[in-house]
Amino acid sequence: MQTVKEAAQITGLTEHAVRFYTDKGLVPSVQRNQNNIRMFDEESINWLHGVKCLKQSGMPIEVIKMYVDLCLEGDSTIPQRYTLMMEHKEAALVKLEEAKQHVAHLEQKTALYQAILEHRSPDTTNPGNWDKIQHMHCDVFYSPSFRKA
């Protein structure tokens with residue numbers, strides 16, 4: 001049997017994470033000794049590795065709990081676990097597309113900053129200067145009629 005500290009060392013998790021995951025019911029086989037201290041057997045360590053893997057995929061704790069509960073019901077829940085994974089994958093793909101859009105926006109911004117640094121463009125990035133210049137920002141033109149009077 002392993003302590004929280006030992007379980008953390010074995011899994012590469014922090015002691016805090018080990019306690020958090022057990023408190024959330026993600027390690028169903030965790031045991032407690034006579035002093036109510038968590039003790040981890042090989043199965044508990046396996047659950048911690050599994051939770052770590054799911055968490056590293058970006059899966060929320062609530063969904064991991066659903067997955068754990070399905071696993072405890074046995075092989076009959078493999079179709080539901082598959083569906084859960086597919087839904088998580090689709091959500092991850094949506095986030096990936098959003099991240100790509102963020103990077104594209106940042107590429108434009110850094111190119112603008114490079115032009116400003118090279119004195120090829122005025123500083124249009126500072127909202128404090130927008131009353132002095134006509135500014136195009138995020139595809140919205142801020143004309144003088146919309147500026148603070």
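**Figure 1. Burial and make-up of the whole chain.** In this predicted model, 26% of the 149 residues of the chain count as buried. The chain exposes about 10400 Å², and carbon and sulfur atoms supply 56% of that area. The chain holds 5 helices and 4 strands. Along the sequence, these elements follow the pattern α-α-β-β-α-α-α-β-β. Among contacts with a separation of 6 or more, 39% come from residues 24 or more positions apart.

**Figure 2. Close-up of the crossing of helices H1 and H2.** Helix H1 covers residues 4-11 and helix H2 covers residues 15-23. Their axes come within 8 Å and cross at roughly 105 degrees. Angles of 65 to 115 degrees count as roughly perpendicular, and H1 and H2 are therefore roughly perpendicular to each other. On the H1 side, the residues in contact are Val-4, Lys-5, Ala-7 and Ala-8. On the H2 side, they are Glu-15, Val-18 and Arg-19. Sorted by class, this contact of H1 with H2 has 4 nonpolar residues, 3 charged residues and no polar ones.

**Figure 3. Close-up of helix H3 and its buried residues.** Helix H3 runs over residues 42-56, which makes 15 residues. At 1.5 Å a residue, H3 should span 21 Å, and its end C-alpha atoms are 21 Å apart, so the two values agree. The buried residues in H3 are Ser-44, Ile-45, Trp-47, Leu-48, Val-51 and Leu-54. An α-helix has 3.6 residues a turn, so residues three or four places apart point the same way. Ser-44, Trp-47, Leu-48 and Val-51 are among the buried residues to view with that spacing in mind. The cover over the buried residues of H3 includes H1, H2, H4 and H5.

**Figure 4. Close-up of helix H5 and its packing against H4.** Helix H5 takes in residues 78-117, a run of 40 residues. The expected span at 1.5 Å a residue is 58 Å; the end C-alpha atoms of H5 are 57 Å apart, which agrees. Arg-81, Leu-84, His-88, Ala-115 and Ile-116 are buried in H5. These buried residues of H5 pack against helix H4, residues 61-73. H5 is also part of what covers the buried residues of H3.

**Figure 5. Close-up of the residue His-119.** Just after H5, His-119 takes a positive phi of about 60 degrees. Ala-115 and Ile-116, shown for orientation, are buried residues of H5.

Key. Residues are numbered from 1 along each chain as its sequence is written. This is a predicted model: local features need pLDDT of at least 70, side-chain atom pairs count only at pLDDT 80 or more; totals for chains, interfaces and linings use all residues. Side-chain values use heavy atoms; hydrogens and water are left out. Axes are lines fitted to C-alpha atoms, for helices over the stretch in contact, and angles run from 0 to 180 degrees between N-to-C directions. Helices (H or I, at least four residues) and strands (E, at least two) are DSSP runs, numbered from the N terminus. Angles under 35 degrees count as roughly parallel, over 145 as roughly antiparallel, 65 to 115 as roughly perpendicular and the rest as oblique. Contact means heavy atoms within 4.5 Å. Ala, Val, Leu, Ile, Met, Phe, Trp, Tyr, Cys and Pro count as nonpolar, Asp, Glu, Lys and Arg as charged, and the others, Gly among them, as polar. The expected span of a helix is 1.5 Å times one less than its number of residues. Buried means under 20% relative accessible area, exposed over 50%, partly exposed in between (1.4 Å probe, protein chains only). Accessible areas come from the Shrake-Rupley method with a 1.4 Å probe; for residues, only the protein chains shown count as cover.
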